[in-house]
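Biologist: I am new to this protein and would like to be led through its interior. Could we look at the structure together and proceed by questions?

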Amino acid sequence: MIIASIAWINRGFILVAKVFSDLKTRVSSLEATRIVGQVQSIVGMTMTAAGLKRAAGIGQRCVVKGARGPVMAEIVGASSDGLKLLPFGSWDGVAVGDDVEIVQHDPGISPDDSWIGTVVDGLGKPLSAAPRFKTGRGRRSSGRAEPPPAFARRRVGQKLSTKVKCMDVFTPLCQGQRMGVFAGSGVGKSTLMAMLARNTNADVIVIGLVGERGREVQEFIQEDLGPEGMARSVVVVATGDEAPLLRRQAAWTATAVAEHFRSTGRQVLLLLDSVTRFAMAQREIGLSSGEPPTTKGYPPTVFSELPHLLERAGPGREGEGDITAIYTVLVDGDDMNEPIADAIRGILDGHMVLDRAIAERGRYPAINIQKSISRMLPACHSDEEYAIMNEARRALARYADMEDLIRVGAYKPGTDPEVDAAMRFAKVAETFLSQRKSDTMMSDQSFAELYRMLLEAGIDVPIDVAAVDQPSAA
């Protein structure tokens, strides 16, 4: 009786196992659910799709089956006529009536350590030879994320040594700080970024080249960044000829990669060049989706997207690392008060202004000290360093006020001892603040040299001499 019962139970287990096996086979053979609409109209870069209103929302991706192959697109707007889509490429070959299929599972990106040393596009696909590159098995991200809650963040950390003399003294950078570099075209933004990438002490460097000139990408990677910089970097590239969706996505992807490494407890340096081109891409997207233009043609979403992007950088939660971010801002016509520059300056923790007149004199980096500020001051400097910086800034400002009179000979030396001292200091400071891309100087040495020049120029610095660090090897 017992043997018969056991046999019956075994037959039952075998039967159940067979049923589950058959069910698994049938499920795996089923096609995934497909939600398909049709192309209704195409005007410029904006396509209207019908038949998808209740099935898809803003930000969802679709594939348009055109005559020349599938085109990836994203839903950017909705109206009574249908959904509005923009392509990640172009609409070449797409016609009215073509199928528009919703992408059910967006692959997203999943960065890991194998990404370090590689160049990827805005969608996270490798552009350079990357034998170690993996698509990743961790948490996937579309590139868009919410900034950490304000009360969950840690405070900004200790000062970082960039080995850029002018920056270490007058606009210091701290762990988790967000700094803007404001300049017109051709004033040295990319070179300054390369200096920071080479010299700043960070575990991982993430560089986003948004809307960059195509010919300059290889030049920046091979010459400016160099092998030593590339060995600890992830470079995200979207050139200026690519679609606005890809240019916007490149900024999101670079920030998402930096967020991943921050979550592992590492110190990350994020360099994004440039936020202005991100804003221009968002302007094209907003206008194409039907938004009204406001100041200089920028729609309202541009000014809501900027803080959402920039606030994602900074200190992480307890147990995480920090994202120290440098954002370049390409100002139109060297106008530092144009709408995008003005909005970004109000969000970031400091700004450096690169002056074309200084660059034309041959002093690089062409940082205008009077117009640049770090909001981490005075806390990030010691009392002695802050006193040296203040005296140097005052002397340079005094010389700048009198410069025109001095040049035309209207000022007679000896009239004002403070102006005479400022003249002597400005002459040697101009040489000191000039720095080639390959030159470096430690922060304590920069302060010691500046202190020596102030004293030799006849400017008294009210500090304890013994507290000033002696120069150390660069």
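The exchange below concerns a predicted model and takes up its cavity, its nonpolar cores, a pocket and one residue.

Biologist: How many cavities of 30 Å³ or more does a search of the whole structure find, and how much space lies in the largest cavity?

Modeller: The search over the whole structure with a threshold of 30 Å³ yields 1 cavity. The space in the largest cavity is about 30 Å³.

Biologist: Which strand supplies the largest share of the lining of the largest cavity?

Modeller: The lining includes Leu 160, Gln 175, Thr 200 and Thr 324, and also Gln 267, Val 268 and Leu 269. By character, the lining residues divide into 4 nonpolar, 5 polar and no charged. The largest share, 3 residues, comes from residues 267-273, that is, from strand E13.

Biologist: Which residues have the most contacts inside the largest nonpolar core?

Modeller: In soluble globular proteins, nonpolar side chains tend to be buried together. Here the largest nonpolar core has 64 residues. The residues with the most contacts inside this core are Phe 170, Ile 207, Val 235, Ile 326, Phe 425 and Leu 450.

Biologist: How many residues does the other core have, the one that lies apart?

Modeller: Leu 272, Ala 313, Ala 325 and Val 353 are among the members of this other core. It lies apart from the largest nonpolar core and has 43 residues.

Biologist: Which residues lie nearest the centre of the second largest pocket?

Modeller: The second largest pocket has a volume of about 390 Å³. Helix H9 (356-360), helix H10 (383-407) and helix H11 (417-433) each give at least two residues to its lining. The lining residues divide into 10 nonpolar, 2 polar and 7 charged. Of the 19 residues that line this pocket, those nearest its centre are Arg 361, Arg 363, Tyr 399, Glu 403 and Glu 430.

Biologist: Is Leu 433 buried or exposed?

Modeller: Leu 433 belongs to helix H11. Residues count as buried under 20% relative accessible area. Because the relative accessible area of Leu 433 is 3%, this residue is buried.

Biologist: What distance separates the C-alpha atoms of Leu 433 and Met 167?

Modeller: Beyond its neighbours within four places in sequence, Leu 433 is in contact with several residues, including Cys 166, Phe 170, Arg 363 and Leu 396. Leu 433 and Met 167 are 266 residues apart along the chain. Their C-alpha atoms are separated by 9.4 Å.

Key. Residues numbered from 1 in each chain as written. Predicted model: local features only at pLDDT ≥ 70, side-chain atom pairs only at ≥ 80, totals over all residues. Heavy atoms only, no water. 1 Å grid on protein atoms, 1.4 Å probe; cavity = no way out; pocket = protein on both sides within 12 Å on 5 of 7 lines; lining within 4 Å. Points joined across faces, edges and corners; volume = space filled by probe spheres on them. Helix = DSSP H or I, 4+ residues; strand = E, 2+ residues; numbered from the N terminus. Nonpolar A, V, L, I, M, F, W, Y, C, P; charged D, E, K, R; others polar. Core = buried A, V, L, I, M, F, W, Y, C linked by side-chain atoms within 4.5 Å. Buried < 20%, exposed > 50% of the residue type's maximum accessible area, 1.4 Å probe, protein only. Contact = heavy atoms within 4.5 Å.
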